[in-house]
Amino acid sequence: MINLVIALASGLLSGLLLGVWLSAVEAIIPALVVAVAAYFVISRRTARRIEGILLAAQKDLMAGRIEKAVQTIESARRFAPWQFFVDKAINSQLGTIHFLREDFNKAMPLLEKGDPRHWVSRAMLAVCYFKKKDYAKMDQEFESAARFSAKQGLLYSLWAWCHWKNDENDRALKILARGDQALEGKDERIKQNLLNLQNGKKMKMKGYAEQWYQFHLEKIPQPRPQFRHR
């Protein structure tokens, strides 16, 4: 990427200049320091510019200007040649937006090309595969998400729920047990669902609130209408 090339060129140039007074071996370490420092400064400047774009897009999203937010995020792609992972991060952001809007056909190709370190977007992709009954790819995506985000309780609960819904209780129990171990027993919702399945009861996910409902696997419960007695 361009930022890396500029940083390496800076290091090389400084090494050549230092070579006037120092031996080639002595000039290596200062040249490396210059290259690393240059990469940090340039990358940070690029990151700040991208953050500004994403902040503007967030304001559009909060105001309900979805299409404008999408266009704003897309505009950040101009920085993809400069910095590693920018394209993948943008794909994850846009895929998440389309998923939240339940436009799964637009979401899937973007999520597939997204950042594997972003567990929410990978979990959303896994849910897309679940809806298509492609359980092998579903497990693959959940596994990938767990590799990068092993301490996310909802991730294991969501994964287990998909298998439980597919009448695979034993598989769901193993995933919940794995999550319970990864979180050292600190997620009470995982522990409760373990007990529920062990006792032949249903999994209950409402304890995760909006975090759970964003995956569109259950509808948000509507408050019951209140009737006044005359």
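Q: Lys 186 and Glu 184, are they buried or exposed?
A: Lys 186 is exposed and so is Glu 184, where exposed stands for over 50% relative accessible area, buried for under 20% and partly exposed for what lies in between, using a 1.4 Å probe and protein chains only.

Q: Before I go on, what kind of model is this, and which residues and atoms count?
A: This is a predicted model, where local features need pLDDT of at least 70 and side-chain atom pairs count only at pLDDT 80 or more, while totals for chains, interfaces and linings use all residues. Residues are numbered from 1 along each chain as its sequence is written, and side-chain values use heavy atoms, with hydrogens and water left out.

Q: OK, back to that pair. What do the side chains of Lys 186 and Glu 184 form?
A: A salt bridge, at 3.6 Å from N to O. The term covers a side-chain nitrogen of Lys or Arg within 4 Å of a carboxyl oxygen of Asp or Glu.

Q: Which residues do shared salt-bridge partners join into one network?
A: Glu 74, Arg 77 and Asp 87. Within that network, the side chains of Glu 74 and Arg 77 meet at 2.7 Å, N to O.

Q: And how many salt bridges are there?
A: Ten by this rule.

Q: Why does Glu 74 count as partly exposed? And Arg 77?
A: Glu 74 does because its relative accessible area is 35%. For Arg 77 the value is 23%, so Arg 77 is partly exposed too.

Q: What about Asp 139, which residue does it bridge to?
A: Arg 171, with the closest N and O atoms 4.0 Å apart. This pair links distant parts of the chain: Asp 139 is in helix H7 (residues 135–148) and Arg 171 in helix H9 (residues 169–182), 32 residues apart. Asp 139 is buried at 19% relative accessible area, whereas Arg 171 is partly exposed at 32%.

Q: Switching to the fold. How many helices and strands?
A: Eleven helices and zero strands. Helices are DSSP runs of H or I with at least four residues, strands are runs of E with at least two, and the numbering starts from the N terminus.

Q: What share of the chain is buried?
A: 40% of the 230 residues count as buried.

Q: Which residues touch the most other members of the largest nonpolar core?
A: Phe 142, Trp 161, Trp 212, Phe 215 and Leu 217, out of 43 residues in that core. The elements giving two or more residues to this core are helix H5 (104–112), helix H6 (119–131), H7, helix H8 (153–165), H9, helix H10 (188–198) and helix H11 (210–213). H6 gives the most, with ten residues. A nonpolar core here is a set of buried Ala, Val, Leu, Ile, Met, Phe, Trp, Tyr and Cys residues joined through side-chain atoms within 4.5 Å.

Q: What does Phe 142 touch?
A: Leaving out residues up to four places away in sequence, Phe 142 touches Ala 123, Ala 126, Leu 155, Leu 158, Trp 159 and Cys 162. Contact means heavy atoms within 4.5 Å. Apart from the largest core lies another one of 13 residues, including Ile 53, Ile 73, Val 86 and Ile 90.

Q: Now the rings. How many aromatic pairs?
A: Six by this rule. One of the pairs is Phe 130 with Trp 161, which is edge-to-face because the ring centres are 6.2 Å apart and the planes are at 65°. Phe 130 sits in helix H6 and Trp 161 in helix H8, 31 residues apart. The rule pairs rings of Phe, Tyr and Trp (its six-membered ring) with centres within 6.5 Å; planes under 30 degrees apart are stacked, over 60 edge-to-face, and the rest tilted.

Q: Phe 130 and Trp 161, buried or exposed?
A: Phe 130 is buried at 13% relative accessible area, and Trp 161 is buried at 2%. Both belong to one aromatic cluster that also holds Tyr 135, Trp 164 and Trp 212.

Q: Last thing, which elements have the lowest and highest mean pLDDT?
A: Helix H1 (residues 2–18) has the lowest at 46, and H8 the highest at 97. Over residues 3–9 the pLDDT is below 50, and beyond near neighbours in sequence this stretch has 13 contacts in the model. Residues 15–25 are below 50 as well, with six such contacts. For the chain, the mean is 82, and 75% of residues reach 70 or more. pLDDT is the predictor's confidence in each residue, from 0 to 100.
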